[in-house]
Structures are given as structure tokens and as C-alpha cells.
Amino acid sequence: MPTVVIHSKGEAYSGEVKEDTNLVVRAGIKQFPYPHLAYKCGMGKCGTCASRILAGAEHLPPPNWKEKKQLGDKIDEGFRLVCQLWIKNDIELRQEKVTEQA
């Protein structure tokens, strides 16, 4: 089972999730990483769940069109939309504010 580490508000939270898990879905049903993950729409439209991937990015698929539209150049800085990721391997991330793209 993948281990997920989330850095939020100066703390690190760690937990295991089943393979092929979406963290926003889990938070929505009040399972880990709830309440440590900020999110809203869950569809890649709002950008609230944008996170910098600190470790494990090499195991993620390339950014999809929603991430490219919402994050723009921030993808090159390691940002991804957590709502668009299905976790299959260990990952470590930190949520940070991302300025909305035009």
C-alpha cells in the first residue's frame, strides 16, 4: 500500500492508502488525508488542491489537459492537481497557493 505524506500548515501527516486511490475522494468521505488536504470541486476546475510534489513524481502520469490549463508553468515547478491523481506509489506533497492562470 502506498504511503502518502502531506505537509500542511507547518506539520507533516502520513498515512497509507490503497493502491489506485484518489486523495480528494478519500478526503471527501472523511478518510485520510482528511482534514489535512484542501480541496473544493474535485474536477480540476478550481485549483484548490494544487500541491507541489516533493517525492514520487516519477511514478505519476504526465499532467492532463486540466492540470495544464489550471497550473500552466507551475507544472515545471513540480505542481500537480491532487484531484487528478490516482496514487499507485509512495508520494510526498506540500500544498501551496498557486496563482490562477489566465
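Tutor: Before we start, two strands count as paired if DSSP finds at least two bridges between them. Keep in mind, too, that this is a predicted model.

Student: OK, strands then. How many bridges join β1 to β2, and how do the two run?

Tutor: Pairing takes at least two bridges, and β1 and β2 have six. Strand β2 covers residues 11-16, and V5 stands opposite S14 there. So, by that cut-off, they pair, and the answer is six bridges, with the strands running antiparallel.

Student: Which residue in the hairpin of β1 and β2 takes a positive phi?

Tutor: Look between the two strands of this hairpin, where there are two residues. The positive phi is near 55°, and the residue that takes it is K9.

Student: V5 has a bridge partner in β5 as well. Which residue is that?

Tutor: β1 also pairs with β5, over four bridges and in the parallel sense. We've already put V5 opposite S14 in β2. Over in β5, the bridge partner of V5 is E92.

Student: And β3? In which sense does it pair with β5, parallel or antiparallel?

Tutor: Take I53, whose bridge partner in β5 is L93. There are four bridges between β3 and β5, and the sense is antiparallel.

Student: Which residue of β4 does S51 stand opposite?

Tutor: β3 and β4 pair over three bridges, again in the antiparallel sense. Across from S51, in β4, you'll find R80.

Student: On to the core. Which element supplies the largest share of the largest nonpolar core?

Tutor: That core has 22 residues, and V4, L23, L37, V82 and I87 have the most contacts inside it. At least two residues each come from β1 (3-8), α1 (23-28), β3 (50-55), β4 (79-81) and β5 (91-95). The largest share is three residues, and the element behind it is α1.

Student: I87 came up there. Beyond its neighbours within four places in sequence, which residues is I87 in contact with?

Tutor: I87 is one of the residues with the most contacts inside the core. Leaving those sequence neighbours aside, its contacts are P2, V4, V17, K18, E19, D20, T21 and L23.

Student: What about E67: buried or exposed?

Tutor: E67 sits in helix α2, residues 65-71. Past four places in sequence, it touches P62, G72, I75, R80, L81, Q84 and L85. Its relative accessible area is 1%, and the cut-off is under 20%, so E67 is buried.

Student: And G44, why does it count as buried?

Tutor: G44 is in the loop between α1 and β3. Beyond four places in sequence, its contacts are K66, Q70, L81, C83 and Q84. Buried means under 20%, and G44 makes that cut because its relative accessible area is 8%.

Student: How far is G44 from V17 in space, C-alpha to C-alpha?

Tutor: In sequence, G44 and V17 are 27 residues apart. In space, C-alpha to C-alpha, the distance is 21 Å.

Student: Last one. How do the lining residues of the largest cavity divide into nonpolar, polar and charged?

Tutor: Searching the whole structure turns up one cavity of 30 Å³ or more, and the largest cavity holds about 30 Å³ of space. Its lining is G56, H59, L60, W86, I87, K88, N89 and D90. Remember that Gly counts as polar here. The split is three nonpolar, three polar and two charged.

Terms used
Residues are numbered from 1 along each chain as its sequence is written. This is a predicted model: local features need pLDDT of at least 70, side-chain atom pairs count only at pLDDT 80 or more; totals for chains, interfaces and linings use all residues. Side-chain values use heavy atoms; hydrogens and water are left out. A nonpolar core is a set of buried Ala, Val, Leu, Ile, Met, Phe, Trp, Tyr and Cys residues joined through side-chain atoms within 4.5 Å. Buried means under 20% relative accessible area, exposed over 50%, partly exposed in between (1.4 Å probe, protein chains only). Contact means heavy atoms within 4.5 Å. On a 1 Å grid over the protein atoms alone, a cavity is a set of points where a 1.4 Å probe fits but cannot get out, and a pocket is an open set with protein on both sides within 12 Å along at least five of seven lines; lining residues have an atom within 4 Å of a point. Grid points are joined across faces, edges and corners, and a volume is the space filled by probe spheres set on the points.
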